Amino acid sequence: MSRSARLLDLIQALRRHRRPVTAAELAAELGVSIRTVYRDIGTLAGQGVPVEGEAGLGYVLRPGFMLPPLMFGDDEIEALVLGLRWVAQRGDGPLGLAAQNAAAKIMAVLPADLKALAEDSGLLPVSLQPSVAEPRDLTEIRRAIRTERKLRIAYTDGQGRASDRVIWPFALAFFERIRMVAAWCETRQAFRHFRTDRIVEVAVADERYPRRRHALLADWRAEMDAGPSGVGKCDKVP
């Protein structure tokens with residue numbers, strides 16, 4: 001492995017960790033010696049990469065550090081193109097348009113060889129199910145998830161029963177033919193799933209929900225992994 005490739009891998013490893021990570025952990029992850037990690041950390045710092053920390057305590061990459069697009073590898077370019085194509089086809093209107101805009105921005109700054117690879121990528125998202133027009137603009141729901149705001153919804157379940165709920169949305173799942181909001185329901189005091197095509201009315205509350213989104217997501221995953229426990233009531237995950 002070239003030295004430049006090794007330094008790039010080290011930057012990417014640091015970006016994957018939100019908390020300080022020790023040189024020993026980085027060495028094991030990258031398949032190099034601890035001494036090499038120390039030396040490469042020093043090189044990055046000398047080149048202006050904002051790495052903070054010290055030996056024995058761990059290292060962290062300060063937020064905001066950006067890598068130029070030319071640092072993308074071939075597989076990374078194809079992964080980006082495939083993902084953006086899927087979102088452009090299957091996302092709601094504003095999200096699909098955002099995917100197209102993001103693809104255009106990436107294309108505009110890619111070096112010629114990588115731009116050709118992206119434009120000619122043979123990886124295509126294919127679905128055996130026909131696309132279904134989303135009856136609701138999901139912008140408000142996505143904004144509530146992003147800003148950790150409560151949602152007030154009027155909902156009709158699969159049996160036609162109507163209810164008003166206050167929920168804490170933390171994830172929006174995109175299945176082949178439906179979209180599903182995963183949330184904590186204040187009425188049921190439990191995790192519930194809500195199909196977006198059955199949400200009759202929705203309003204983003206000014207009030208933030210009292211827990212962090214990542215904590216809710218972690219607890220939800222733990223319950224899902226534990227097996228059937230009522231988590232899927234309202235609408236089961238298909």
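This report walks through two helices and the aromatic pairs of a predicted model.

**Two helices and what covers them**

Let's start at the N-terminal end of the sequence. Helix H1 spans residues 3-16, which makes 14 residues. From the first C-alpha to the last, H1 reaches 20 Å, close to the 20 Å expected at 1.5 Å a residue. Which residues of H1 are buried? They are Arg6, Leu7, Leu8, Leu10, Ile11, Ala13 and Leu14. The cover over these buried residues includes two helices, H2 (23-30) and H3 (34-46), together with strands E1 (51-54) and E2 (58-61).

Further along the chain comes helix H4, residues 74-90, with 17 residues. Its ends, taken from first C-alpha to last, lie 24 Å apart, close to the 24 Å expected at 1.5 Å a residue. In H4 the buried residues are Ile77, Val81, Leu84 and Arg90. Among the elements that cover them are helix H5 (93-109), helix H6 (112-119), strand E4 (162-174) and strand E5 (179-185).

**Aromatic pairs**

Now to the rings. A pair of aromatic rings is described by the distance of the centres and the angle of the planes. The model holds seven aromatic pairs, and two of them are set out here.

| Pair | Distance of centres | Angle of planes | Geometry |
|---|---|---|---|
| Trp86 and Phe174 | 6.5 Å | 80° | edge-to-face |
| Trp168 and Trp184 | 6.2 Å | 40° | tilted |

Why does the pair of Trp86 and Phe174 count as edge-to-face? The planes of the two rings stand at 80°, and an angle over 60 degrees puts a pair in that class. This pair links distant parts of the chain, with Trp86 in helix H4 and Phe174 in strand E4, 88 residues apart. Trp86 has a relative accessible area of 30% and is therefore partly exposed. Phe174 is partly exposed as well, at 26% relative accessibility.

The pair of Trp168 and Trp184 is tilted because its planes meet at 40°, an angle that is neither under 30 degrees nor over 60. Trp168 sits in strand E4 and Trp184 in strand E5, so the pair ties together parts that are 16 residues apart in sequence. Are these two residues buried or exposed? Trp168 is buried, with a relative accessible area of 10%, and Trp184 counts as buried at 17%; the cut-off for buried is under 20%.

Trp168 and Trp184 also belong to one aromatic cluster, which they form with Phe170, Phe191, Tyr209 and Trp220.

Technical notes: Residues numbered from 1 in each chain as written. Predicted model: local features only at pLDDT ≥ 70, side-chain atom pairs only at ≥ 80, totals over all residues. Heavy atoms only, no water. Helix = DSSP H or I, 4+ residues; strand = E, 2+ residues; numbered from the N terminus. Expected span 1.5 Å × (residues − 1). Buried < 20%, exposed > 50% of the residue type's maximum accessible area, 1.4 Å probe, protein only. Contact = heavy atoms within 4.5 Å. Phe/Tyr/Trp six-rings, centres within 6.5 Å; stacked < 30°, edge-to-face > 60°.
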